[in-house]
Amino acid sequence: MNKSELRGALVHELWRMTKMDIITHLREFVEGETAALYYLCTCGSETVTPTQISENLQVSRARAANILRSLREKKYVVMDISEDDRRKMDVAVTESGRKAMEQKYQFLLSYFDLYIDVLGEEDIADLTRLLKKTVDCNLLLDPKKAGEMASEEKKE
C-alpha cells in the first residue's frame with residue numbers, strides 16, 4: 001500500500017470507529033456534563049471554579065456556565081460564592097452527582113471489559129501501545145509542525 005492508500009484506509013477506519021457505541025459512551029467522559037462531573041469527582045479538590053472547569057474541558061466560559069447550570073438543575077452540583085474571593089464561585093459535586101457519575105463510570109468500565117473480551121488481551125495491548133504512541137507523538141499534536149512536514153514532502 002502506498003501512503004495515499006494507507007491514509008485513506010486510516011481515515012475510513014477512524015470514521016467508522018466514531019460510529020461505534022463504545023466511542024459514543026466514551027465521548028460523554030470527554031465533553032459536556034459528564035466530563036465536568038467526572039472532573040469534579042476526580043480532581044482531588046473539594047471545590048473548583050468555573051474557570052478551572054472551562055480550562056479542563058477546553059470549552060469557553062459561556063459553555064462551562066451552561067454545563068454548570070444544567071448540572072445544578074439536576075442537583076448534581078452546588079455553587080457558592082468563594083470565601084477567599086467574593087468575586088468567584090466555588091463548585092462542588094453533590095452526593096447525587098457522585099452517584100450518577102459512579103453509575104456512568106461503572107457502565108463504561110463494563111463496556112470496556114466486554115471490548116477486551118471481544119478483541120482479546122493481546123490485541124488490546126497492541127491497540128493500547130499504538131494509541132499511546134499516537135498521543136505521545138508531538139508531531140501529531142502540533143498542527144504547525146505537521147503542516148511544515150507536509151510542505152516539505154510536497155517539495156520532494
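Start by selecting Val77 in this predicted model. Apart from neighbours within four places in sequence, Val77 is in contact with Leu37, Leu40, Leu68, Leu71, Arg72, Val91, Ala92, Val93 and Thr94. Show these residues as sticks and keep them on screen for the next stop.

**The nonpolar core**

Val77 belongs to the largest nonpolar core, which has 19 residues. Colour Ala36, Leu40, Val48, Ile53, Leu57, Val77 and Val91, the members that touch the most others in this core. Then colour by element: at least two core residues come from each of α3 (32–42), α4 (50–57), α5 (61–73), β1 (77–81), β2 (89–93) and α6 (95–119). Helix α3 contributes the most, with 5 residues. In soluble globular proteins, nonpolar side chains tend to be buried together.

**The whole chain**

Zoom out and switch to a cartoon. The protein chain has 9 helices and 2 strands, in the order α-α-α-α-α-β-β-α-α-α-α along the sequence. Of its 156 residues, 22% are buried. Among contacts with a separation of 6 or more, 46% join residues 24 or more positions apart.

Now colour by pLDDT. The average for the protein chain is 88, and 89% of the residues score at least 70. Which element has the lowest mean pLDDT, and which the highest? Helix α9 (residues 143–155) has the lowest, at 60, and α5 has the highest, at 95. Where pLDDT is low, the predicted coordinates should not be read in detail.

**From Thr49 to Ser82**

Select Thr49, in the loop between α3 and α4. Is Thr49 buried or exposed? Its relative accessibility is 18%, and because the cut-off for buried is under 20%, Thr49 counts as buried. Leaving out neighbours within four places in sequence, the contacts of Thr49 are Met89 and Val91. Measure from Thr49 to Val91: the two are 42 residues apart along the chain, with their C-alpha atoms separated by 5.8 Å. Val91 is already coloured as one of the core residues, and Val91 is also in contact with Val77.

Next select Ser82, in the loop between β1 and β2. Ser82 is buried, with a relative accessible area of 5%. Beyond its neighbours within four places in sequence, Ser82 is in contact with Lys88, Met89 and Asp90. Met89 is also a contact of Thr49. Between Ser82 and Thr49 the C-alpha to C-alpha distance is 8.8 Å, at 33 residues apart in sequence.

**Helix α3 against α6**

Go to Thr34 in helix α3. Thr34 is buried, at 7% relative accessible area. Setting aside neighbours within four places in sequence, its contacts are Glu28, Phe29, Met101 and Lys104.

Keep Phe29 displayed and add Tyr105, in helix α6. Tyr105 touches Phe29 and Tyr38, not counting residues up to four places away in sequence. Tyr105 and Tyr38 lie 67 residues apart along the chain, and 8.7 Å separates their C-alpha atoms. Tyr105 is partly exposed, with a relative accessible area of 30%.

**Two positive phi values**

Open the backbone torsions at Gln58 and Lys75. Gln58 sits in the loop between α4 and α5, and its phi is near 55°, a positive value in a residue other than glycine. Gln58 counts as exposed, at 73% relative accessibility.

Lys75 is in the loop between α5 and β1. Its phi is near 65°, again positive in a residue other than glycine. Lys75, too, counts as exposed, with 60% relative accessibility.

**The largest pocket**

For the last stop, select Leu10, Leu14, Met17, Leu127 and Leu131. Of the 13 residues lining the largest pocket, these lie nearest its centre. The pocket has a volume of about 430 Å³. Colour α1 (3–18), α6 and α7 (121–136): these are the elements that give two or more residues to the lining. What is the make-up of the lining in nonpolar, polar and charged residues? There are 9 nonpolar, 1 polar and 3 charged. Helix α6 thus links three stops of the tour: it supplies residues to the core, holds Tyr105 and gives residues to the pocket lining.

Terms used:
Residues numbered from 1 in each chain as written. Predicted model: local features only at pLDDT ≥ 70, side-chain atom pairs only at ≥ 80, totals over all residues. Heavy atoms only, no water. Core = buried A, V, L, I, M, F, W, Y, C linked by side-chain atoms within 4.5 Å. Buried < 20%, exposed > 50% of the residue type's maximum accessible area, 1.4 Å probe, protein only. Helix = DSSP H or I, 4+ residues; strand = E, 2+ residues; numbered from the N terminus. Contact = heavy atoms within 4.5 Å. pLDDT = per-residue confidence, 0-100. 1 Å grid on protein atoms, 1.4 Å probe; cavity = no way out; pocket = protein on both sides within 12 Å on 5 of 7 lines; lining within 4 Å. Points joined across faces, edges and corners; volume = space filled by probe spheres on them. Nonpolar A, V, L, I, M, F, W, Y, C, P; charged D, E, K, R; others polar.
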